[in-house]
Amino acid sequence: MRNLSNIKDIPLYDLALAYHIELTQKSSNEYCATCPACGGTDRFVIDTDKNMWFCRKSENGHRDNGDTIEFIMLVDGCDFKSACTKLENGDYGTTYTSLYTSPIQAQCAPQVTSQFDSNYFGKMLEKNFDYMNKHSQQGKYLLSRGVSLETAKTFKIGGSYAHGEKAIAIPYYNWDNNLIGGRWRILEPKDQRYHAWKGSCLKNGFGWHSHKTTSDTLIICEGEINAMSICEAEPDVNVLSMGSENSHIHPGIVAHIGNYEKVILWGDSDSCIERWTNDMPNYTRSFISPMRDGIKWDANECLKRNKLDIALHKLLTGSIGQSKAYRNQIKGW
Ligand SMILES: [Zn+2]
């Protein structure tokens, strides 16, 4: 159970987005919108510094200012007690409920929910770009992982809600730029749960839609966040991420690898590297995330520690990574 101060700290900005209230930025800390209680165009104002709202007109005499609890009371027309309960349980907002089954506990492999529909998913992603900003929890999540919103946009990552829970939507495109799958990473209560759409094809890897035709280097890594981290540090290389559940590199990917002068495989585990290396051309350089002080230094960990630049530099110039994966050559990062 949250206490009162916790629920008052939930960003009003997030709450407004959860109700699909369209916000227009007026200053660094002020957003305005149509008032959910009395309309107009910009009379409803959210102050993100104070985390308070007010309505300039309050035309029908509704309460004209308040905090998160009074916001829920206003938009849901409920009393103080139920507003607190809704906030405590995260049971607020207009969610895309029809699209989801109930959340499933984290596992390595993506979980399956509804049937994938590329038209619908594409439209939803477009809408959900708005959620990806520095005030929303979805945006803050990526920023906390060191991934900028610009990079998120390059990868068309949307902020979203899955069954009332905050999530980021991750689109999978193939090499012909067709949207062929999607999944959600649920952020709360624990950042380790996935939903994928039934019928989604995730085997082609994630990141094709971010590729530049000018790049002569491809880095294949594990996981979308690692892919975005590499792009963050080195925008000139193309990245593609694979899930560790894939036992092989898809033949379609292998066929495209021929276009690259340099191919680097950056895995998180020996077993992935072993399985995947066999599918790769022999000039591929493989590399395994090193363990340091019990922590696996994958690309995202390196990014967060400000070491990804140098790691990539060494990888790209060939001073680490060989036809077999080397773990001990990273001393001096
Ligand atoms: Zn109003």
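Helices (H or I, at least four residues) and strands (E, at least two) are DSSP runs, numbered from the N terminus. The model described here is predicted. The protein has 12 helices and 16 strands. Of its 333 residues, 42% are buried. Contacts between residues at least 6 apart in sequence join residues at least 24 apart in 53% of cases.

**End of helix α12**
- Gly 318 comes just after α12 and takes a positive phi of about 85°.
- Helix α12 itself covers residues 308-317.
- Its buried residues are Leu 308, Ala 311, Leu 312 and Leu 315.
- Viewed down the axis of α12, these buried residues fall within an arc of 95°, so they line one face of the helix.
- The buried residues of α12 pack against two helices, α8 (224-233) and α11 (299-304), and against strands β13 and β14.

**Parallel sheet**
- Four strands make an open sheet with parallel pairing, in the order β12-β11-β13-β14.
- The edge strands are β12 (238-242) and β14 (285-288); each has a single partner strand, so one side of each is left without a neighbour in the sheet.
- On average, neighbouring strands of this sheet are turned by 20° against each other, direction ignored.
- Helix α10 (residues 270-277) packs on the sheet and touches β11 (217-222), β13 and β14.
- The direction of α10 makes about 145° with that of β13.
- Strand β13 spans residues 262-267 and pairs with β14 in the parallel sense over four bridges.
- Ile 264 has Arg 285 in β14 as its bridge partner.

**Antiparallel sheet**
- Five strands form an open sheet with antiparallel pairing, in the order β1-β2-β3-β4-β5.
- Here β1 and β5 (65-66) stand at the edges with a single partner strand each, so one side of each lacks a neighbour in the sheet.
- Strand β1 (residues 24-27) pairs with strand β2 (residues 30-35) in the antiparallel sense, over three bridges.
- A hairpin of two residues connects β1 to β2.
- Across this pair, Thr 24 stands opposite Cys 32 in β2.
- Strand β3 (residues 39-47) runs antiparallel to β2, and five bridges join them.
- The hairpin from β2 to β3 passes through three residues.
- Cys 35 has Gly 39 in β3 as its bridge partner.
- Further along the pair, Ala 33 stands opposite Phe 44 in β3.

**Nonpolar core**
- The largest nonpolar core holds 81 residues.
- Ala 16, Ile 168, Ile 219 and Ile 230 touch the most other members of this core.
- Beyond its neighbours within four places in sequence, Ile 230 is in contact with Ile 219, Cys 221, Val 237, Val 239, Ala 299 and Leu 312.
- One of these contacts, Leu 312, is also among the buried residues of α12.
- Ile 230 lies in the range of α8 (224-233), a helix against which the buried residues of α12 pack.
- Two other contacts of Ile 230, Ile 219 and Cys 221, fall within β11 (217-222), one of the strands that α10 touches.
- Val 239 is a further contact of Ile 230 and falls within the edge strand β12 (238-242).
- Ala 299, also in contact with Ile 230, belongs to α11 (299-304).

Definitions and conventions
Residues numbered from 1 in each chain as written. Predicted model: local features only at pLDDT ≥ 70, side-chain atom pairs only at ≥ 80, totals over all residues. Pairing = 2+ DSSP bridges. Axes fitted to C-alpha atoms, helices over the stretch in contact; angles between N-to-C directions. Contact = placed C-beta atoms within 7 Å. Buried ≥ 20, exposed ≤ 12 C-beta atoms within 10 Å, placed from the backbone. Arc of directions from axis to C-beta. Core = buried A, V, L, I, M, F, W, Y, C linked by C-beta atoms within 7 Å.
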